[in-house]
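Here are my notes on the model you sent over. I've put them as numbered points so you can follow along in the viewer.

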Amino acid sequence: MNFHENSNQIDLSNMQPPELLFQHIPVMPKEVLDNLALFPGAIAVDVTAGGGGHLALMAEQIGATGRVIGLDRDHRAHAQDAAGGIASKYDNVELVRASFSQLQGVLEKAGIAKIDALLCDLGVSSPQLDDSARGFSFMRDGPLDMRMDTEAYPSVYELIRDSKEDDLANIIYQYGEERQSRRIARYIKKSWPLANSTLALAEVVARACGGKRGKIHPATRTFQALRIAVNHELDELTALLKMLPDILAPRGHAVFISFHSLEDRLIKQAFKKGSMPNENQPALWSLLQKRPLIASDEETKENPRSRSAKLRAIEKLDLILEETDAQ
Ligand SMILES: C[S@@+](CC[C@H](N)C(=O)[O-])C[C@H]1O[C@@H](n2cnc3c(N)ncnc32)[C@H](O)[C@@H]1O
């Protein structure tokens, strides 16, 4: 079957493994599958395997003759109640503990030269957020950690401890787009040594911001910034976007879902750049939509996490075919 014919015939009703609904509800599942345009026998990669929601949907569509490589640098994703369980359930799924920047090496090791589809669903998963011991949330107390790869350096605690006030302010400004970054950094450093506690840090940030509590907690932007910094999230995303032209097969699709403007900007810029020819190369891909897709009202009601999701997708051009057509 041609994969373009396949893309509108998705019945999600029996593809949603019910046990996963408690772990991580996959965001925009229909839009993801439509834009991945999978086909039986395809080779696909889910670089953000997480709770395994999208991974299972992809495995179902690709069938026994295809392969889905799942990637996640967090050991939590490899547990049986997350993507690890999906890898055990489906013979066509292989799950690897690695980060985006290591993807080319992972594919080489698996004997894969090019892939037909790639999914990247950024951010953290519910199993990570809900476990206060991981320190991702200031709604419950936990250590100042937030590392996806718990063997990596630094944790948030180490980052704050080892950063100068100016560097900390820059992190909070750049990755949190926080206007009060200098004041917040000053308060944090003045309060050091702080208890290794997310609630203690959130309290200091709230004090720095004058203790005002609007709709959004004053520590939201600072926590986002620290998470992005300790996980090198923007560098990882940039590395993945850079390898896309080399790893996508002709007519291969890539789908990216982002949850804040810093990520979306990087994706938008890379997609736009590759969609336009320049003096060194022809256009690499076409954009599958002009504006990013967002979740439906129905989905945002059921899954509040989907509220800020933006989906962008591309299709790699088949340059040989295009040239022949033009002759
Ligand atoms: C939003 S969750 C994915 C949820 C998944 N789509 C599902 O349906 O359950 C994002 C996952 O990507 C992982 N992740 C984020 N950045 C990564 C990176 N640079 N390399 C590898 N894994 C990463 C996180 O550990 C997390 O488990």
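1. Where is the place of proline 193? Proline 193 is in the loop between helix 9 (181-190) and helix 10 (198-208). Keep in mind while you look that this is a predicted model. The reason I'd start here is the bond just before that proline: the peptide from tryptophan 192 to proline 193 is cis, with omega near 5°.

2. There's another cis peptide bond to click on, joining tyrosine 153 and proline 154, with omega about 0°. Proline 154 belongs to the loop between helix 6 (126-130) and helix 7 (156-162). As background, most residues other than glycine have a negative phi, and most peptide bonds are trans.

3. With that background, have a look at alanine 37 too. Its phi is positive, near 50°, and it is a residue other than glycine. You'll find alanine 37 in the loop between helix 2 (29-36) and strand 1 (43-46).

4. Now for the ligand. How many residues surround it? The count is 25, and the closest are Gly51, His54, Asp72, Asp121 and Gln128. By type, the shell around the ligand divides into eight nonpolar, eleven polar and six charged residues.

5. Some polar atom pairs are worth displaying. The side chain of aspartate 72 has an N or O atom 2.6 Å from an oxygen atom of the ligand. Glycine 51 uses its backbone instead: an N or O atom there lies 2.9 Å from a ligand oxygen. For phenylalanine 100, a polar backbone atom is 3.1 Å from a nitrogen atom of the ligand. As for cover, the ligand has 600 Å² of accessible area on its own, and the protein covers 99% of that.

6. What does the ligand sit in? It sits in the largest cavity. In fact the count comes to one cavity of 30 Å³ or more, and the space in the largest cavity is about 390 Å³. Lining this cavity are 32 residues, and those closest to its centre are Thr48, Asp72, Asp121, Leu122 and Gly123. Two of those names, Asp72 and Asp121, also turn up among the residues closest to the ligand.

7. Which elements give two or more residues to that lining? They are helix 3 (53-62) and helix 12 (233-247). Helix 12 provides the largest share, four residues. Sorted by type, the lining of the largest cavity comes out as eleven nonpolar, eleven polar and ten charged residues.

Notes: Residues are numbered from 1 along each chain as its sequence is written. This is a predicted model: local features need pLDDT of at least 70, side-chain atom pairs count only at pLDDT 80 or more; totals for chains, interfaces and linings use all residues. Side-chain values use heavy atoms; hydrogens and water are left out. A residue is near a molecule or strand if one of its heavy atoms lies within 4 Å of it. A polar contact is a pair of N or O atoms within 3.5 Å; within protein, one must be able to donate a hydrogen and the other to accept it, and residues adjacent in sequence count only if both atoms are side-chain atoms. Accessible areas come from the Shrake-Rupley method with a 1.4 Å probe; for residues, only the protein chains shown count as cover. On a 1 Å grid over the protein atoms alone, a cavity is a set of points where a 1.4 Å probe fits but cannot get out, and a pocket is an open set with protein on both sides within 12 Å along at least five of seven lines; lining residues have an atom within 4 Å of a point. A molecule sits in a cavity or pocket if more than half of its atoms lie within 2 Å of its grid points. Ala, Val, Leu, Ile, Met, Phe, Trp, Tyr, Cys and Pro count as nonpolar, Asp, Glu, Lys and Arg as charged, and the others, Gly among them, as polar. Grid points are joined across faces, edges and corners, and a volume is the space filled by probe spheres set on the points.
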